[in-house]
Amino acid sequence: MELWREILISGLQNEGYKLDCVNDKALKEIIDSESYKVLEQIKQIMDDDSLIDKDCFLKIEAILCVLEQNNIFCNRHDFG
């Protein structure tokens, strides 16, 4: 599935959105809002100084988990 579609579906599933009518502006606002939340979570993970460089794998794993929690799935996240 395309990234924009995954973001849109995630946003529409969020109960905080009340759409009276669907138009381009409303869709863009949903996508922008949900995208910002995901990027903010990723930035917090990357800025976490409690993980040292050799723990980079843990940062990447945490980012992949954030994406998955937001219904954005990566084909290569099968670390067992």
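Good morning. I begin with Asp48, which is found in the loop between α2 and α3. Please bear in mind throughout that the structure before you is a predicted model.

Is Asp48 buried or exposed, or does it fall in between? Its relative accessible area is 30%. Because buried means under 20% and exposed means over 50%, Asp48 counts as partly exposed. Its side chain makes a polar contact with the side chain of Ser50, at 2.5 Å. Asp48 can also be placed relative to Lys59: the two residues lie 11 apart along the chain, and their C-alpha atoms are separated by 8.5 Å.

Lys59 brings us to α3, which runs over residues 56–69. How far apart are the end C-alpha atoms of this helix? They are 20 Å apart. At 1.5 Å a residue, the 14 residues of α3 should span 20 Å, so the expected span and the model agree.

Which residues of α3 are buried? They are Lys59, Ile63, Leu64, Val66 and Leu67. These residues cover an arc of only 155° around the axis, and therefore sit on the same side of α3. Just after the helix, Asn71 takes a positive phi, of about 60°.

Let me turn to the interior. In soluble globular proteins, nonpolar side chains tend to be buried together. In this model, the largest nonpolar core has nine residues. They are Ile7, Val38, Ile42, Ile45, Ile63, Leu64, Val66, Leu67 and Ile72. Two elements, α2 (24–46) and α3, each give two or more residues to this core. The largest share comes from α3, with four residues.

One member of the core, Ile72, merits a separate remark. With its neighbours within four places in sequence set aside, what is Ile72 in contact with? The answer is Leu3, Glu6, Ile7 and Leu67. Of these partners, Ile7 and Leu67 are themselves listed in the core.

I close with the chain as a whole. It has three helices and zero strands, in the order α-α-α along the sequence. Of its 80 residues, 25% count as buried. The accessible surface comes to about 6200 Å², and carbon and sulfur atoms hold 55% of that area. As for contacts with a separation of 6 or more, 37% are between residues 24 or more positions apart.

Thank you for your attention.

Conventions:
Residues are numbered from 1 along each chain as its sequence is written. This is a predicted model: local features need pLDDT of at least 70, side-chain atom pairs count only at pLDDT 80 or more; totals for chains, interfaces and linings use all residues. Side-chain values use heavy atoms; hydrogens and water are left out. Buried means under 20% relative accessible area, exposed over 50%, partly exposed in between (1.4 Å probe, protein chains only). Contact means heavy atoms within 4.5 Å. Accessible areas come from the Shrake-Rupley method with a 1.4 Å probe; for residues, only the protein chains shown count as cover. A nonpolar core is a set of buried Ala, Val, Leu, Ile, Met, Phe, Trp, Tyr and Cys residues joined through side-chain atoms within 4.5 Å. The expected span of a helix is 1.5 Å times one less than its number of residues. The arc is that of the directions from the helix axis to the C-beta atoms. A polar contact is a pair of N or O atoms within 3.5 Å; within protein, one must be able to donate a hydrogen and the other to accept it, and residues adjacent in sequence count only if both atoms are side-chain atoms.
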